[in-house]
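Me: Please take one part of this structure and look at it closely. I am in my first year, so go step by step and connect that part to what surrounds it.

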Number of protein chains: 2
Amino acid sequence: MLNVISPEVLLSHVHDFSSIDIEYLPLNQCTNRILAKDIIATENIPEFRRSTMDGYAVKAVSTYGASESNPSLLFIKETIEMGKMPEHPVGLQDASRISTGGMIPDGADSVVMIEYTEAIDAQTIEVYKSVAPLQNVIDIGEDITRDTIQRKKGQMIRPQDLGTAAALGIQKLWVYKKPVVGIISTGDEIVPISQNPEIGQIRDMNQYTLASQIIQNGGYPEFIDNVPDNFDALYAACKKAIQYCHMLLISGGSSVGMRDFTIDVIQKLECAEIIAHGVSIQPGKPTILARVTNIPVWGLPGHVASAMIVFHILVQPFLRQLAGEQNRPFYSRQTVKARLIRNVASSQGREEYVRVRLEQNDNSMNAIPIQGKSGLIRTMVQADGLIIIPENSEGLEQETWVDVLLF
Amino acid sequence: MLNVISPEVLLSHVHDFSSIDIEYLPLNQCTNRILAKDIIATENIPEFRRSTMDGYAVKAVSTYGASESNPSLLFIKETIEMGKMPEHPVGLQDASRISTGGMIPDGADSVVMIEYTEAIDAQTIEVYKSVAPLQNVIDIGEDITRDTIQRKKGQMIRPQDLGTAAALGIQKLWVYKKPVVGIISTGDEIVPISQNPEIGQIRDMNQYTLASQIIQNGGYPEFIDNVPDNFDALYAACKKAIQYCHMLLISGGSSVGMRDFTIDVIQKLECAEIIAHGVSIQPGKPTILARVTNIPVWGLPGHVASAMIVFHILVQPFLRQLAGEQNRPFYSRQTVKARLIRNVASSQGREEYVRVRLEQNDNSMNAIPIQGKSGLIRTMVQADGLIIIPENSEGLEQETWVDVLLF
């Protein structure tokens, strides 16, 4: 019989596993990877005061009180070349022509926008508006301050984090390697998709759905083998997989039926420790999780929709743990609010995942539950996401507002 | 001067451009790609009736009225081998042992779960519960019906769509190629990150932020060159880029200042048609969009945060158009509801994008506006997303519920 645990207890075992190796990659390969070392600023950015506008670098005090009717008269000291150091300091009567991004000369503390000036002649301008100190200027270290942490280990690398690294002249980052996740498909009736199934056989779907879910969640899928319902064949495939995989998914054979060898095979693996054989969820109850050294070894239900849902709810956090992700932002598991369009019954004693389709309805969204057995891929193709009915609930009533966990 | 158009008008030009080439890829390379041809079912799945349980295949009628106190007595006809055709039909007195996924024999129309049976001897079982026709059975074509469209051209390929393809024996799919997006960084003061900036120079951030945004949105970034503020150098780089890029981003020089050559260079390109020089948004006003044959050519503001926001709001839909995406689901631009923690002022006459950080607050979220100039990468690093203040609004009041468009 199954020895069922709750999904919460199962998920608490995420911390039994530690993150895998790290690697050092050029910035252009780091998007969406997980940082393995903090990005620390080794310098101030900018290292000099820069203008944010085209105009004139001045002492702010020289412009105080300036207006259309009473402009300040200033003398043009120089035109500052981009990417070069200004040659002259700016005094009380002076203004130096500057472009956006140009370096503010000594003496100046602000920039008057060109729109608020008028050239009287080649040496002289009138200023029609006052500026405050540091107006239209980026000060030294205003963007990035030396010796501060810019992005922490365990966080996902976004475009702006790469911008920060670039600003600091960091050309490579330490990131966690992508976990290699082995997939073994079991079942006498399962044939590879390259093969024409005989009557009574079906093609291996789960290999592809699981591989794609692994990719979407930052892993490398590695297909190990299609094995028949046979202890020795499955044992051999598992032994092979744990040589080089960081996680292993065994699709099918996870229950306690005549053809269910997964639990026996896992138990025979060296150092295997069974965490769960059965989880109080629907679909997905006959799920196995074991720990083999640092490798989470999963027995997943063979029903395609069940296996995908178990991946979504239970497997994914373990994959992210191996991949080094920490403090994942609470909003990154994308949900939308929707109104349930009919009653959904649920059995107490298990957390139930109901596949729903979303439909826009004026300003809100409707969630339409999808009927169908968990062996049907169709139910997943039609669905946009899941709603979760808690273990102690008998179901949800029509018109309830629900959070739809999107695929 | 700028000739400013609204973001809505600019976005209406998405349909001036058509999708690019297609390619034929094995399933394991198709995750998150855009389908270029419908997936059509060429057969029924399953092609035979399958059991969804371990148990006995029976005629449902043989179990009617069965109960613990009044079981039906049935004779075991055979044990059906997985992946094989059953050898014997099932009559009114018969039951054939079957596993999950096994083929239902002729005559049988349902499966009694093993839990509701008891073996009396090797030839005989008692059934304690009645089943209905098709109970615990997946019927022919119940999952996928021949000649129906399973997933449409223009839709993104999800794990479940690959499962459908696999079920149908489809080994490769037609998908749109990833658009190649060229990036040119301009500015006399900009140096490559491999180089030590002199005083007055800064490292090229925008190349990396934009490349990463391109990757996240399904394109291939292709860095063309760092060019100085010089018409001829920029023209040469653009000429080179439009030979092989599907879209071109020119970072910096998009305004009307002394160093702003982008508009002149684009105008000189053969067949160039300027769609916008200036968009009524903040930040990002000095944005250029031109059409050069089927290539959207963008002049982006050099300020790093402005360029990223313009990409997020305006460039992205064009990239997806080139990539063939159609009818993108309304919920796929991820937003979360949050409560604004202080007043935000906005100028009328332009759509304003305010960077905000999110903070969990009991059951809801707070949106904290981030102060800082649009030349600061820091403002993007600290932000989790944007709130949009419409053109005709003077701002938003503290405590307003806002939709935060997540990065």
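Reply: Helices and strands here are DSSP runs, numbered from the N terminus, with at least four residues for a helix and at least two for a strand. The model is predicted. The part chosen is helix 3 of chain B, which has eleven residues, ten of them buried.

Start with what burial says about this helix. With ten of its eleven residues buried, helix 3 of chain B is largely enclosed by the rest of the structure. The buried residues are B:Asn206, B:Gln207, B:Tyr208, B:Thr209, B:Leu210, B:Ala211, B:Ser212, B:Gln213, B:Ile214 and B:Ile215. What encloses them comes from two chains: within chain B, the buried residues pack against strand 13 (180–186), strand 16 (220–227), strand 17 (247–251) and helix 6, and from chain A they pack against helix 2 (159–167). Just after the helix, B:Gly218 has a positive phi of about 85 degrees.

Next, the neighbour from the other chain. The axis of helix 3 of chain B and that of helix 2 of chain A come within 8 Å, crossing at roughly 155 degrees. An angle over 145 degrees counts as roughly antiparallel, and therefore these two helices, helix 2 of chain A and helix 3 of chain B, are roughly antiparallel to each other. The crossing of helix 2 of chain A past helix 3 of chain B is right-handed. On the chain B side, the contact is made by B:Tyr208, B:Thr209, B:Ser212, B:Gln213 and B:Gln216; on the chain A side, by A:Pro159, A:Gln160, A:Leu162, A:Gly163 and A:Ala166. By class, the residues of this contact are four nonpolar and six polar, with no charged residue.

There is also a contact between helix 3 of chain A (residues 206–216) and helix 2 of chain B (residues 159–167), with an angle of about 155 degrees and axes 8 Å apart. Helix 3 of chain A and helix 2 of chain B are therefore roughly antiparallel to each other, and the crossing is right-handed. Chain A contributes A:Tyr208, A:Thr209, A:Ser212, A:Gln213 and A:Gln216 to this contact, and chain B contributes B:Pro159, B:Gln160, B:Leu162, B:Gly163 and B:Ala166. These residues divide into four nonpolar, six polar and no charged.

The helix pairs belong to a wider contact between the chains. That contact takes 76 residues from chain A and 75 from chain B. Helix 3 is one of the elements that give two or more residues to the side of chain B that touches chain A; others include strand 11 (149–151), strand 15 (202–203), helix 6 (304–322) and strand 24 (351–361) of chain B. Helix 2 of chain B gives the most to this side, with eight residues. Sorted by class, the side of chain B that touches chain A has 33 nonpolar, 26 polar and 16 charged residues.

Now the partner chain as a whole. Chain A has seven helices and 28 strands. Its radius of gyration is 31 Å, well over the 22 Å that the globule rule gives for 407 residues, so chain A is more spread out than a compact globule. The C-alpha trace of chain A spans about 95 × 50 × 40 Å along its principal axes. Of the 407 residues in chain A, 51% are buried.

One residue of chain A serves as an example of burial. A:Ala305 lies in helix 6 (residues 304–322) of chain A. The cut-off for a buried residue is 20 or more other C-beta atoms within 10 Å; A:Ala305 has 28, so it is buried. Leaving out residues up to four places away in sequence, A:Ala305 touches A:Pro283, A:Ser374, A:Gly375, A:Leu376, A:Ile377, A:Thr379 and A:Met380.

For contrast, return to chain B and take a loop residue. B:Glu399 lies in the loop between strand 27 (395–396) and strand 28 (401–406) of chain B. It has 10 C-beta neighbours inside 10 Å and so counts as exposed. The phi of B:Glu399 is near 80 degrees, a positive value in a residue other than glycine.

To return to the starting point: helix 3 of chain B is largely enclosed, and its buried residues pack against elements of chain B together with helix 2 of chain A.

Notes
Residues numbered from 1 in each chain as written. Chains lettered and ligands numbered in written order. Predicted model: local features only at pLDDT ≥ 70, side-chain atom pairs only at ≥ 80, totals over all residues. Axes fitted to C-alpha atoms, helices over the stretch in contact; angles between N-to-C directions. Parallel < 35°, antiparallel > 145°, perpendicular 65-115°, else oblique. Left-handed = near helix turned anticlockwise from the far one by under 90°. Contact = placed C-beta atoms within 7 Å. Nonpolar A, V, L, I, M, F, W, Y, C, P; charged D, E, K, R; others polar. Rg over C-alpha atoms; globule rule 2.2 N^0.38 Å. Buried ≥ 20, exposed ≤ 12 C-beta atoms within 10 Å, placed from the backbone.
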